[in-house]
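Here are some notes to go with the model you are about to see. Keep it open while you read and find each piece as it comes up.

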Amino acid sequence: MQQRLLGRSGAVVSSLALGTMTFGSETDEQGSHAQLDAFFEAGGTLIDTADVYSGGTSEEIIGRWLAATSAENRDRAVLATKGRFPMGPGPNDQGLSRRHLTRALDDSLRRLGVERVDLYQCHAFDPYTPIEETLRFFDDAVRSGKVQYFGLSNFTGWQLQRVVDLSEHLGLPRPVTLQPQYNLLVREIEWEIVPAAEANGLGLLPWSPLGGGWLTGKYTREERPTGSTRLGENPDRGVEAYDRRSSVQRTWDVVDAVRAVADERSASMAQVALAWLAQQPAVTSVILGARTLEQLKDNLGAADLLLSDEELGRLSEASDPGAADYPYGGPGQEQRGRKLQGGR
């Protein structure tokens, strides 16, 4: 597995990260530990979690694995967690205030069973807390040794730029990463967020790299999903809702393009979609989110798949977010129809 710098920092992480949102909910503790074992055996190092994942259970499961695994694995592990969303009923149990983040970080460290985390991330923007207050919290957390680096998640381009500008103006630590939703079906971040991240040296840690399962080929035009899949259990689930995506021709163009490359390379569709994303500019590490060990092992195969410029171009053209039927809007009419070659 490739090793890459964590944004504009000297820390090194694996090009694939293990996302743990399923731990404690869709994946039990035994299965979660099996995933962690397999991930490290494959050369992975970056573990991504959050306090709200299964109400803190995900962090606790990781903490028990860290306590039981080898000293080598503990030393290699790069721990990333997040704080921002509600962890209690009170008005101060959420947000990016110094008050909430101080408690949230201490609680995460306790659940993980560690004295520090390598990357602590703002899980989303908080319009009610002055950015300066949040930045001074991170400065204190870094100085105290509880946090090595800090990052952002789900921030827009202007929010990212505002954080960087204030960090520099106040002489405080700058963010090194951004976690956005990014995949072959969701590429609108390339209009403003990716350029802002590149300009400021933030490494991207994309979540939902398989589009909620759409890019694995498990869904078809002919019938709505059923059974033990995320959309089978809830076809209206979130941004990947079946009726919303299946009604757009671009969805099937992308799925067909991924399938064609996968067939030519004797790879799975998931591996092709992950490999395309890992080769995009500014991407540091792609966050895998598997329910089962079998899914994770298949995903890890993407580490050995290097797509050619021709294959990247075909996938990028099929998934062009400037297409006329793209359902999520765009940066302006002048962008419509513009071809983004090579993933840019």
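1. Let's start with one pair in the middle of things: within β5, the residue that Ile47 has as its bridge partner is Leu79. Ile47 has a partner on another strand too, since it is also the bridge partner, in β4, of Leu18. A word on names: helices (H or I, at least four residues) and strands (E, at least two) are DSSP runs, numbered from the N terminus.

2. Before going on, some housekeeping. This is a predicted model, where local features need pLDDT of at least 70, side-chain atom pairs count only at pLDDT 80 or more, and totals for chains, interfaces and linings use all residues. Residues are numbered from 1 along each chain as its sequence is written, and side-chain values use heavy atoms, with hydrogens and water left out.

3. Now follow the pairings outward. Strand β3 (residues 16–19) and strand β4 (residues 46–48) run parallel, joined by two bridges. β4 and β5 also run parallel, with three bridges between them. From β5 on to β6 the pairing is again parallel, over four bridges, and there Ala80 sits opposite Leu119 of β6. Two strands count as paired if DSSP finds at least two bridges between them.

4. Step back and you get the whole sheet: eight strands, open, with parallel pairing, in the order β9-β8-β7-β6-β5-β4-β3-β10. Which strands stand at the edges? They are β9 (203–204) and β10 (286–288), and each has a single partner strand, so one side of each has no neighbour in the sheet.

5. Have a look at β5 (residues 78–83): six of its six residues are buried (buried means under 20% relative accessible area, exposed over 50%, partly exposed in between, using a 1.4 Å probe and protein chains only). In a regular strand, side chains alternate between the two faces of the sheet. Here Val78, Ala80 and Lys82 point one way, while Leu79, Thr81 and Gly83 point the other way, and all are buried. Yes, Lys82 is on that buried list.

6. Next, a helix against the sheet. Helix α5 (residues 131–144) lies across β6 (117–122) and β7 (147–153), and runs at about 150° to β7. For such angles, axes are lines fitted to C-alpha atoms (for helices over the stretch in contact), and angles run from 0 to 180 degrees between N-to-C directions.

7. How do helix α1 (residues 29–41) and helix α12 (residues 293–300) cross? Their axes come within 10 Å and cross at roughly 20°, which makes α1 roughly parallel to α12 (angles under 35 degrees count as roughly parallel, over 145 as roughly antiparallel, 65 to 115 as roughly perpendicular and the rest as oblique). The contact (heavy atoms within 4.5 Å) involves Ala34, Gln35, Ala38 and Phe39 of α1, together with Leu293, Leu296 and Leu300 of α12.

8. Two loop residues deserve a click. Asn154, in the loop between β7 and α6 (157–170), has a positive phi near 65° without being a glycine; at 32% relative accessibility, Asn154 is partly exposed. Ala282, in the loop between α11 (269–278) and β10, also isn't a glycine, yet its phi is positive at about 75°. Ala282 is partly exposed as well, at 24%.

9. Last stop: Thr251 in helix α10 (residues 249–265). Is Thr251 buried or exposed? Thr251 is buried, because its relative accessible area is 4%. Setting aside neighbours within four places in sequence, Thr251 is in contact with Leu185, Trp214 and Arg245.
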